[in-house]
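Reader: Could you take me closely through the second largest pocket and the second largest cavity, and tell me which residues line them?

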Amino acid sequence: MSGKPTPMMQQYLALKREAGDALLFYRMGDFFELFFDDAKTAAGVLDIALTTRGEHGGEPVPMCGVPVHSAEGYLARLIKGGCRVAIAEQTETPEQAKERARREGTPVSKSLVARDIVRFVTAGTLTEEALLEPRRANLLVALAPMRDGVGLASCDISTGRMELEDCTADALDAALARLGASEIVAPEDWEGGAAETIARPRADFRSEDGEARLRAIHEVATLDGLGSFSRPMLAAAAGLIAYLDHAGRGTLPFLLPPVARGSGAHLAMDAATRASLEILEAQGGGRAGSLIACVDRCATGAGARQLAEDLSAPLADRMAIEARLASVQHFHADPLLRADLRALLRQAPDIGRALGRVVAGRGSPRDLGQIRDGLTEAQRVREMLSASADLPALLRDTGAALGGHGALVDHLARALVPSPPTERGQGNFIAAGYDHALDALRETSGNARKAIAALEARYREDTGTPSLKIKHNKVLGYFIEVPAKHGDKLMAPDSGFTHRQTMAGAVRFNSLGLHEEATRIAEAGAHALAAEEAHFEQLVGEVVATREAIAATAAALARIDVCAALAERAVEGDWARPEMREEACLEITGGRHPVVEQALAKAGERFVANDCRLGSDDRLWLIGGPNMGGKSTFLRQNALIMLLAQAGSFVPATSATIGLADRLFSRVGASDNLARGRSTFMVEMVETAAILSQATERSFVILDEVGRGTSTYDGMALAWAVVEAVHEQLACRCLFATHYHELSRLAETCDKLSLHHVRAREWKGDLVLLHELARGAADRSYGLSVAKLAGVPGPVIKRAKAVLDRLEKGREQTGGLGAGLGELPLFAATLQAEEEEGDALREAIEAIDVDALSPREALDTLYALQAKARATDT
């Protein structure tokens, strides 16, 4: 490839310019080839051999390739490796390329098959079964910043579900944390986009385009019937659809009518809270050790995806929560129904994702078979629920969406074989008896093959060559092959055989009889494949015509699966149905941390349950005690119990009465965020600031060891001020764990605060952690005992004990670290004093008659005001 690039390389380079930063999969026969830097990147990610092909610009061209038939597995690894891929397919056959060359007057021998990029494969635009995680949604999110906020459009194109919402700029991180997008697109000129955001042209994010595209896709004259959508929502929808159009090269995937998400319909949680509570992912990464891994007993992938959404966005409406709880209760009370139903659900294919592939034009006969089988199971589930007495409203409503597909299921059952293949190019997926003409073609093809077998036997006898065989390949078609030593016999002019090819050890021939039979087979096979393809397109058309009803059935199956799975989990863990209240309370008896309890059970150990009772008269608990005593676990378990309850689940407790929360905040543990240049203490303060500025009276807050990342005096001062602010200003339910014993003095001035501690005892010089919560302040921190448990060497412990004795003696003499704190005015009184001082200065300024002052009097007045301001500061 030195000098001028070859036509193939010119074609490749032109397609690569279109692909941009995506890796270009360039189809060459049975392989997708990659060149230049794309090849280097892919070879590194896929761990495959990197070779070279010719030269370009005087340098060898790096090259690697993957087989077309196994490309999905390689694509999955590339996508997980953070790559985007452009698929360049051949858009004409070699014969068509030669015919085009003849028309254009170019040499036929140099004709190049036309190729074009047919699709971009990205993390958020996957539909293939092999590329998706069955139990996790795959969301693409588009962001559209506007003056009054940010619009968000999210879509899982594997199922078609689309949601639109808007939020303020400061709430964007929380919204994105809830969605957990695989891919995010935003306008290219927006400074608020994260580093991993894909920049797209600003012109793609016009709200009027979003409205027009949605109307066109769903064939409606107005969006009023679909919901009320703000301009930011529509702008985000425009950006999302434009990106899908780009990725599909003009072909849009399956999109259901968009759903508008209200801002107050769900329990709000910021990114820090989600990470702290490990809802969908453990802090170490991965699903293991997370809440969903502990709770998920779903029989289907669709149910697991719905459960993940429920836990990510718990409800804030009591009636909706009670509807879910009643459905879980129904399955909880009927173990036979629950077992039979879950057995049915395990057999149900993922019809939502199969439908997504079919509507997107990437479907296979197997997908049609999955839709047939899934709808059949849905009808059986519906009949099973209908036979159950006292069915709750939610199950009645979802059950109604399971039927209505009888005609389609019957047609698919008659048309398809029981187990259709994933590829339709080889045919054999239309059932016998469905199309008599197709059956006749298959019979012709089958008879011809029998004729070829008879022909082979006759030729062996006529030539006296028992080793003669009739074979087939893609290049020669059918041919006769004999060992080389028998070749001369068939070479004779009157033999009736025509020489075709001489191999190292064999000779190949043709004959008139073989040619006639091969032609019959080819014609019958081609006509049969064409007939099957026509039937496939017809069946796809029928499925597409009822896509929204099928999607509703898929969603109903997922919801029923979640309810039955939560009932299964409740029975397994002896969980209780929570009683939901509107007033701000939290009364939990025998509460347990579900993840920790499960881990202890596997180790053969017992979890120590604890009670928690927060109400209007006692809404802030200050909890002390030693490290490893269970403070953090207690805090988290109560937050998780509230989250599970508002998601519509039973909870790990003997009983629970839970007042609805509008927001849930968790500041439990922190780590350095080096990527943003933040220390542990800075992360802690940012999270604490978010709580103090966003929590309301209806919120639930858990705070652990506020102030521990700085000096003792600074830390305790901050902890003291935060406790007062939560008590006086926020007036919300709060669990506050601390090692600062001095904070216990706040119980004297904060009437809604009570003191608690996790119990521990020393026995024969060793610390015994009881993990029990008791009322009252902790008597000591047991820090040295915990250090001994951790394996700190004895001499270090001994030295630390001597230092501690000296410090405690000094504390007794001076009044300790908290000396004088009892005389401090309350937080509210401090704020009022500051306001009064500010008001006095303002009044003095307002009293000045500026027009009546001489220059000298004005200067004196200014000096007086300055002195007054300085006095206020001190």
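Author: What follows describes the pocket and then the cavity. This is a predicted model, in which local features need pLDDT of at least 70 and side-chain atom pairs count only at pLDDT 80 or more, while totals for chains, interfaces and linings use all residues. Residues are numbered from 1 along each chain as its sequence is written, and side-chain values use heavy atoms, with hydrogens and water left out.

The second largest pocket has a volume of about 1,500 Å³, and of the 33 residues that line it, E72, E89, E128, R362 and E423 lie nearest its centre. Two or more lining residues come from each of helix 3 (71-80), strand 5 (85-90), strand 6 (115-121) and helix 14 (365-386); helices (H or I, at least four residues) and strands (E, at least two) are DSSP runs, numbered from the N terminus. On a 1 Å grid over the protein atoms alone, a pocket is an open set of points with protein on both sides within 12 Å along at least five of seven lines, a cavity is a set where a 1.4 Å probe fits but cannot get out, and lining residues have an atom within 4 Å of a point. Grid points are joined across faces, edges and corners, and a volume is the space filled by probe spheres set on the points. The pocket lining divides into ten nonpolar, ten polar and 13 charged residues, where Ala, Val, Leu, Ile, Met, Phe, Trp, Tyr, Cys and Pro count as nonpolar, Asp, Glu, Lys and Arg as charged, and the others, Gly among them, as polar.

Across the whole structure, two cavities of 30 Å³ or more are found, and the second largest holds about 40 Å³ of space. Its lining consists of F120, T125, I157, L244, A247, G248, T251, P253 and R362, with five nonpolar, three polar and one charged.
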